[in-house]
Amino acid sequence: MKGDDNNSLIFIGVDIQFLSVERHFYLFLLEERRMLNLSISDIMNDHPLKVKADVSVRDVAHLLLRYRVNGLLVVDPADPNRLMGVFTTRDLVDLMGDALSPGNHKMQALHEMGERPVVDFLPFEEMVSLQISDSAAKADGLMHKKGAITIPVYDGEKLVGVPGRHDIINIAFA
């Protein structure tokens, strides 16, 4: 690895140009403008996976793994448009950590947790949402601010989709 005076670095035969701070800022502004012009409907999954609130944590865990998603929408069993929360892989890992903590009968605690309905473990934090007319940039900002993996999108009162972090990353680096 060697450097020279013209802001480049030779690393394993590849010439990597260092960008100035001004160039990074310019590229950021271009990307931000592109994200501002994209509607959330352009990037969201319009067929999100939903589970009823009375589904067991074990079944939710299987769905998260089977479909390789980071979160599932938990809806009222009587009204699939009434969102009760979002259950994520992070929530599942936290539950498993609690069940496996010192002093617990580990396998018994995991089994008992797995049999309980997912609604019992929904986070109590304020649920955030977007409207179909919102921009992808707004989704990105809200995910960053709230630490959300996915955010439900509504068209008025109807739940119509979800963008996830992976969707934001895809457009940011496309």
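I'll start with one residue, Thr150. Setting aside neighbours within four places in sequence, Thr150 is in contact with Val86, Met143, Val162, Pro163 and Gly164. Before going on, a reminder that this is a predicted model.

Where does Thr150 lie? Thr150 is in the loop between α6, residues 136–146, and β8, residues 153–155. Buried or exposed? The relative accessible area of Thr150 is 14%, and the cut-off for buried is under 20%, so Thr150 counts as buried. As for polar contacts, the side chain of Thr150 reaches the backbone oxygen of Pro163, and the distance is 2.9 Å. Pro163 is also on the list of contacts I began with.

Now the protein chain as a whole. It has 7 helices and 9 strands. Of its 174 residues, 34% are buried. If you take contacts between residues at least 6 apart in sequence, 54% of them join residues at least 24 apart.

Back to α6, the helix that comes before the loop of Thr150. Which residues of α6 are buried? They are Ala136, Ala137, Ala139, Leu142 and Met143. Met143 is also one of the residues in contact with Thr150. In general, an α-helix has 3.6 residues a turn, so residues three or four places apart point the same way. Just after α6 comes Gly147, with a positive phi of about 70°.

Next, how α6 sits against helix α7, residues 165–172. The two axes come within 10 Å and cross at roughly 125°. An angle of that value makes α6 oblique to α7. The crossing of α6 and α7 is left-handed. Which residues meet there? From α6 we have Ala136, Ala139, Asp140 and Met143, and from α7 we have Arg165, Ile168 and Ile171. By type, the residues of this contact are 5 nonpolar, no polar and 2 charged. Met143 therefore appears three times in this talk: it is buried in α6, it takes part in the contact with α7, and it touches Thr150.

Last, a residue elsewhere in the chain, Arg68. Arg68 lies in the loop between α3, residues 57–66, and β5, residues 71–76. What is the phi of Arg68? The value is near 50°, which is positive, in a residue other than glycine. For background, most residues other than glycine have a negative phi. Arg68 is exposed, with a relative accessible area of 77%, whereas Thr150 is buried at 14%.

Methods:
Residues numbered from 1 in each chain as written. Predicted model: local features only at pLDDT ≥ 70, side-chain atom pairs only at ≥ 80, totals over all residues. Heavy atoms only, no water. Helix = DSSP H or I, 4+ residues; strand = E, 2+ residues; numbered from the N terminus. Buried < 20%, exposed > 50% of the residue type's maximum accessible area, 1.4 Å probe, protein only. Polar contact = N/O pair within 3.5 Å; in protein donor to acceptor, adjacent residues only side chain to side chain. Contact = heavy atoms within 4.5 Å. Axes fitted to C-alpha atoms, helices over the stretch in contact; angles between N-to-C directions. Parallel < 35°, antiparallel > 145°, perpendicular 65-115°, else oblique. Left-handed = near helix turned anticlockwise from the far one by under 90°. Nonpolar A, V, L, I, M, F, W, Y, C, P; charged D, E, K, R; others polar.
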